[in-house]
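Hi everyone, thanks for making room for me today. I'd like to walk you through a structure I've been looking at, so please have a look at the screen.

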Amino acid sequence: MAFAGKYEFEGDENYDAFVQKIGLSSDKVEMGRNCKIVTEVVQNGNDFTWTQHFPGGRTTTNTFTVGKEAEMETMGGKKFKATVKLEDGKLVADFPNYRHTAEICGGKLVEISTSSGVVYKRTSKKIA
């Protein structure tokens with residue numbers, strides 16, 4: 001379960017259907033479409049700092065310990081409390097209106113978010 005590293009957005013699937021399902025505002029939808037997000041993961045055992053750097057200088061950082069409740073922030077900027085779990089080598093978190101998983105697959109960061117049967121997949125390649 002080695003997630004540490006820096007990853008750059010490579011591609012995604014089903015973005016529009018997913019963001020419509022979770023009710024993301026149209027300005028955030030446009031901002032996120034084909035956005036070259038850089039995800040930086042610092043891992044120390046079960047402690048994580050997960051930062052997403054967006055073009056234009058905006059960042060979102062979630063700090064959590066696997067198995068302990070932590071304050072998190074959604075892609076829409078809403079704060080909530082969640083407990084991130086480890087299931088079959090994947091980090092799993094239940095956000096307010098979707099379930100998010102992250103895993104390292106073939107050296108890439110693969111994130112899958114699911115809401116009411118709509119599945120969004122984002123793949124990022126390791127750059128550092």
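I'll go through the core, the cavity, the salt bridges and a pocket, in that order. Please keep in mind that this is a predicted model.

Let's begin with the nonpolar core. The largest one has 26 residues, and the members that touch the most others are Phe 3, Phe 18, Phe 48, Trp 50, Phe 64 and Leu 91. Which elements give two or more residues to this core? They are α1, β3, β5, β6, β8, β9 and β11. The largest share comes from α1, which runs over residues 15–22 and contributes 4 residues.

While we are at that end of the chain, here is something from the records. An unreviewed UniProt entry carries the annotation "domain: Cytosolic fatty-acid binding proteins" over residues 5–22. In the model, that span is 44% helix and 50% strand, and the C-alpha atoms at its two ends lie 28 Å apart.

Now for the empty space inside. How many cavities of 30 Å³ or more are there? The count comes to 2, and the largest holds about 340 Å³ of space. It has 23 lining residues, and those closest to the centre are Trp 50, Asn 62, Phe 95, His 100 and Glu 111. You'll recognise Trp 50 from the list of core residues a moment ago. The strands that give two or more residues to the lining are β3, β4, β5, β8, β9, β10 and β11. If you sort the lining by class, you get 13 nonpolar, 7 polar and 3 charged residues.

That brings me to charge. Side chains of opposite charge can pair when their charged atoms come close. Across the whole structure there are 8 salt bridges, and I'd like to show you three of them.

Glu 111, which we just met at the cavity, forms a salt bridge with Arg 122, with 3.2 Å between the closest N and O atoms. This pair links distant parts of the chain, with Glu 111 in β10 and Arg 122 in β11, 11 residues apart. Are these two buried or exposed? Both Glu 111 and Arg 122 are buried.

The next pair also involves β10. Lys 108 bridges to Glu 10, and the closest N and O atoms are 2.6 Å apart. Lys 108 sits in β10 and Glu 10 in β1, so to speak a long-distance call along the chain, with their positions 98 residues apart. Lys 108 has a relative accessible area of 29%, so it counts as partly exposed. Glu 10 is partly exposed as well, at 35%.

The third pair is Asp 94 with Arg 99, at 3.0 Å from N to O. Here Asp 94 is partly exposed at 37% relative accessibility, and Arg 99 is partly exposed at 32%. These two belong to a network of salt bridges that also takes in Lys 85 and Glu 87.

Last stop, the largest pocket. Its volume is about 160 Å³, and 11 residues line it. Which of them are closest to its centre? They are Ile 22, Leu 24, Thr 74, Lys 78 and Asn 97. The lining of this pocket divides into 5 nonpolar, 5 polar and 1 charged residue.

That's my tour, and I'm happy to go back to any part of it.

Definitions and conventions: Residues numbered from 1 in each chain as written. Predicted model: local features only at pLDDT ≥ 70, side-chain atom pairs only at ≥ 80, totals over all residues. Heavy atoms only, no water. Core = buried A, V, L, I, M, F, W, Y, C linked by side-chain atoms within 4.5 Å. Buried < 20%, exposed > 50% of the residue type's maximum accessible area, 1.4 Å probe, protein only. 1 Å grid on protein atoms, 1.4 Å probe; cavity = no way out; pocket = protein on both sides within 12 Å on 5 of 7 lines; lining within 4 Å. Points joined across faces, edges and corners; volume = space filled by probe spheres on them. Nonpolar A, V, L, I, M, F, W, Y, C, P; charged D, E, K, R; others polar. UniProt positions renumbered as here; feature names shortened; annotations may be inferred. Salt bridge = Lys/Arg side-chain N within 4 Å of Asp/Glu carboxyl O.
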